[in-house]
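Reader: I am in my first year and still learning how to read a protein model. Could you take me slowly through a single part and connect what you find there with its surroundings?

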Amino acid sequence: MVNAAPPSSVFDLEARKCARIRCVNTLPAHDFLFKWTQNVLLERLSDIKRQFPRSALLGGRTSPDFSDALKIQAGSDFLTKMDILPGAGVNVVGEEEFLPFRQGALDAVFSVLDLHAVNDLPGALLQIRRSLRPDGLFLAALFGGETLHELRASLMQAELSLKGGIAPRIFPFADKPQMGALLQRAGFSLPVVDSEILSVSYDNIFKLMHDLRFMGESNVIAARSKTNPGRALFLKAAEHYGKNFKGLDGRLNASFEIIFLIGWAPHESQQQPLAPGSAQKRLSDALQTAEVKIDND
Amino acid sequence: MRLEKTRLFLQDHTIMSAQIDPKLLEILVCPLTKSPLRYDAPAQELISDQAGLAYPIRDGIPIMLVDEARQIEK
């Protein structure tokens, strides 16, 4: 046994596996976020007119027919699906931050709602970039910072008023601007980051929490409180939620922000910025306007 | 003794039922050191000499997790 996790892990891999094992049977009825996201991902991919013969899919909760659709859309004759657990359609078990792929081995890497529970996201992105051949594509979707902000605020308020302190209950999700910076830091060229916020309505917060658990998204933060929080906390949180985040139809709103990432492994054929001062034409000519000198006093 | 027989049977069975995809074998490296792996077919293991670890292959699926790998004495 070798312990590879650094001592300062945010997420507990064992808990992450347990959460996933628990949801095996319930996932098919609670995978609407995965279904929605995988369809958007296929749409995005259809805009890219290229073939990616060897590709990898990170994250195991997409439906089996998605792998087939992805293979067709990406023009892949080989797609390997990696997850932290063996399961339907998974043909290699591995961790995103210890990626088991040879440098430059892949033409494309895809990921659907998987990278938000990774401890070392910059490291994982770097390894993904290295596993791509030059001009290889990285196309991914992950939960962003706006996700479950209502539940986060309600649990925080409830816990503060009942216990005078808080325990981490909702993941620290990465924000959209952070993701752009991380992609660049990992060495991706032509990065594009955008996000969509899905508003899902629920009868009550218990239905929402069931949904999260049944899709395998229960709390796996290493520093989570391991004692039973008690019924009072959730009742108080429900009260706060109902008061602050009710829609016009009287149902509760829950936000899920899905961030989409596109990045390419650098290649000389990609457009490059020109060196400063190397312009051949004047900007004022292009704009058909007179040039005005500005005094620098 | 009986356990050993069961283990051997299971091993044979595994080899018969699920062969590791050669295309997958081609792209895999040790997740820790990124060094090449040696495929030990009878033991159904992928061996990273640099890390001193043997990653198990279960039902044709390589388990590339460091904490599930077997440490090899050098």
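Author:

**Around helix H5 of chain A**

Helix H5 of chain A covers residues 149-163, and Met156(A) has its place within this helix. Please keep in mind while looking that this is a predicted model.

Let us begin with Met156(A) itself, and ask whether this residue is buried, partly exposed or exposed. Met156(A) has a relative accessible area of 36%, and because buried means under 20% and exposed means over 50%, with partly exposed in between, Met156(A) counts as partly exposed. On the surface, Met156(A) forms a nonpolar patch with Leu160(A) and Ile166(A), and together these residues have about 260 Å² of accessible area.

Just before the helix, the chain passes through a loop between strand S5, which covers residues 132-143, and H5 of chain A, and Leu148(A) is found in that loop. Most residues other than glycine have a negative phi. The phi of Leu148(A), in contrast, is near 55°, which is a positive value in a residue other than glycine. Leu148(A) is also buried, since its relative accessible area is 6%, and the limit for that word is under 20%.

For comparison, you may look at another residue with a positive phi, Gln288(A), whose phi is near 50° and which is likewise not a glycine. Gln288(A) lies in the segment after helix H9, residues 283-286 of chain A, and with a relative accessibility of 75% this residue counts as exposed.

Returning to H5, we can now turn to the largest pocket, which holds about 750 Å³ of space. Of the 31 residues that line this pocket, the closest to its centre are Arg169(A), Arg213(A), Glu217(A), Ser218(A) and Asn219(A). Which helices each supply at least two residues of this lining? They are H5 together with helix H1, residues 13-22, and helix H7, residues 205-214, of chain A. The largest share, however, comes from H7(A), which gives five residues to the lining. Sorted by class, the lining of the largest pocket has 19 nonpolar residues, six polar ones and six charged ones.

The second largest pocket can be read in the same manner. Of the 18 residues that line it, the closest to its centre are Val24(A), Leu27(A), Gly60(A), Arg61(A) and Ala88(A), and its lining has nine nonpolar, four polar and five charged residues.

Key
Residues are numbered from 1 along each chain as its sequence is written. Chains are lettered from A and ligands numbered from 1 in the order in which they are written. This is a predicted model: local features need pLDDT of at least 70, side-chain atom pairs count only at pLDDT 80 or more; totals for chains, interfaces and linings use all residues. Side-chain values use heavy atoms; hydrogens and water are left out. Patches are made of residues with over 30% relative accessible area and no salt bridge: like charges are joined within 9 Å, nonpolar side chains (Val, Leu, Ile, Met, Phe, Trp, Tyr) within 5 Å. Accessible areas come from the Shrake-Rupley method with a 1.4 Å probe; for residues, only the protein chains shown count as cover. A salt bridge is a side-chain nitrogen of Lys or Arg within 4 Å of a carboxyl oxygen of Asp or Glu. Helices (H or I, at least four residues) and strands (E, at least two) are DSSP runs, numbered from the N terminus. Buried means under 20% relative accessible area, exposed over 50%, partly exposed in between (1.4 Å probe, protein chains only). On a 1 Å grid over the protein atoms alone, a cavity is a set of points where a 1.4 Å probe fits but cannot get out, and a pocket is an open set with protein on both sides within 12 Å along at least five of seven lines; lining residues have an atom within 4 Å of a point. Grid points are joined across faces, edges and corners, and a volume is the space filled by probe spheres set on the points. Ala, Val, Leu, Ile, Met, Phe, Trp, Tyr, Cys and Pro count as nonpolar, Asp, Glu, Lys and Arg as charged, and the others, Gly among them, as polar.
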